[in-house]
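This report describes the domains, the sheet, a helix pair and several loop and helix residues of one protein chain. The sequence and the structure are shown first.

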Amino acid sequence: MSKIINNFYNVEIPEDKKILVLCDIDDTVLKYDKTLNDFLPFIEKFSVYKAYIERPMAYALYKEYKDNAIPMHTDIDGFNDMIRKINKNNNGSKLEFLTARSKKFDMNTKKQLADIGIYRSEDYTYHYTYDNFKNKASYIENNIDVLDYDVVIFIDDREDELSLCREYFPEIITYQFKI
Ligand SMILES: [Mg+2]
């Protein structure tokens, strides 16, 4: 199981080790007022559709909501503190974003992260898995050289992504971010 956290102060950054932190975006650093669940009751109450229609509809409504809503940071102070600790190692340690978003939202993503207070959001490396990979573990396997680091940490809100990653790479330390 992953360690469960609700802030970034609880991510342990070892000193004097070369560290890569892979960090999810949606519902990990960035959140919205509403969640998918807020759209399900509406559909169930008013819709005559069967459940397998309703859920995709809820996803579509939620996506439409997110396209227009203003996101918030889940924990800006803790995040900045984590970045400070990573940079303090001064040995090539870094944080990179690993998101299931599509690469076509690259500019929008960097702007959103700037809007929620992430300093120099355009300077980070972003890994977008949506277009070519069905999960983050296979993306890491094909695109990230984990052997280049002493410690690799992966933070995500979805335990299915994290546990699959541990199957591929047992040495990766995983944290489940729960808001
Ligand atoms: Mg997420």
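## Domains and overall layout

The C-alpha centres of domain 1 and domain 2 are 29 Å apart. Domain 1 covers 3-32 + 71-177, and domain 2 covers 36-68; these bounds come from an automatic or database domain assignment.

The model is predicted: local features need pLDDT of at least 70, side-chain atom pairs count only at pLDDT 80 or more, and totals for chains, interfaces and linings use all residues. Residue numbers start from 1 along each chain as its sequence is written.

## The sheet

Six strands form an open sheet with parallel pairing, in the order β1-β8-β7-β2-β5-β6. Helices (H or I, at least four residues) and strands (E, at least two) are DSSP runs, numbered from the N terminus. Two strands count as paired if DSSP finds at least two bridges between them. The edge strands, each pairing on one side only, are β1 (3-5) and β6 (126-128). From one strand to the next, the twist averages 25 degrees. Angles run from 0 to 180 degrees between N-to-C directions, and axes are lines fitted to C-alpha atoms, for helices over the stretch in contact.

Strands of a sheet pair through backbone hydrogen bonds, either parallel or antiparallel. The table gives four of the pairings in this sheet, with one residue pair for each.

| Strand pair | Bridges and sense | Residues paired |
|---|---|---|
| β7 and β8 | four bridges, parallel | Ile153 and Ile173 |
| β2 and β7 | five bridges, parallel | Cys23 and Ile155 |
| β2 and β5 | four bridges, parallel | Leu22 and Glu96 |
| β5 and β6 | three bridges, parallel | Thr99 and Tyr128 |

Strand β2 spans residues 19-23 and strand β5 spans residues 94-99. On β2, Leu22 stands opposite Glu96 in β5, while Cys23 stands opposite Ile155 in β7.

Is β7 enclosed or open to its surroundings? Five of its six residues are buried, so β7 is largely enclosed by the rest of the structure. A residue is buried if 20 or more other C-beta atoms lie within 10 Å of its own, exposed if 12 or fewer, and partly exposed in between, with C-beta atoms placed from the backbone.

## Helix α6 and its contacts

Helix α6 lies across β7 (151-156) and β8 (173-177) and runs at about 175 degrees to β8. Two residues are in contact if their C-beta atoms, placed from the backbone, lie within 7 Å.

Two packed helices are described by the angle between their axes and the distance between the axes. The axes of α5 (residues 136-143) and α6 (residues 159-168) come within 8 Å and cross at roughly 40 degrees. The two helices are therefore oblique to each other; angles under 35 degrees count as roughly parallel, over 145 as roughly antiparallel, 65 to 115 as roughly perpendicular and the rest as oblique.

On the α5 side, the contact involves Lys136, Ala137, Ile140 and Glu141, which meet Glu161, Leu164, Cys165, Glu167 and Tyr168 in α6. These residues divide into five nonpolar, no polar and four charged. Ala, Val, Leu, Ile, Met, Phe, Trp, Tyr, Cys and Pro count as nonpolar, Asp, Glu, Lys and Arg as charged, and the others, Gly among them, as polar.

## Loop residues and a residue of α2

Asp16 is in the loop between β1 and β2. Its phi is positive, about 65 degrees, although Asp16 is not a glycine. Asp16 counts as exposed because it has 10 C-beta neighbours inside 10 Å.

Asp27, in the loop between β2 and β3 (30-31), also has a positive phi of about 65 degrees and is not a glycine. With 17 other C-beta atoms within 10 Å, Asp27 is partly exposed.

Asn132 lies in the loop between β6 and α5. With 12 other C-beta atoms within 10 Å, Asn132 is exposed. Asn132 and Lys18 are separated by 114 residues in sequence and by 28 Å in space, C-alpha to C-alpha.

Glu64 belongs to helix α2 (residues 51-68). Glu64 counts as exposed, with 11 C-beta neighbours inside 10 Å. From Glu64 to Val152 the separation is 88 residues in sequence and 34 Å in space, C-alpha to C-alpha.
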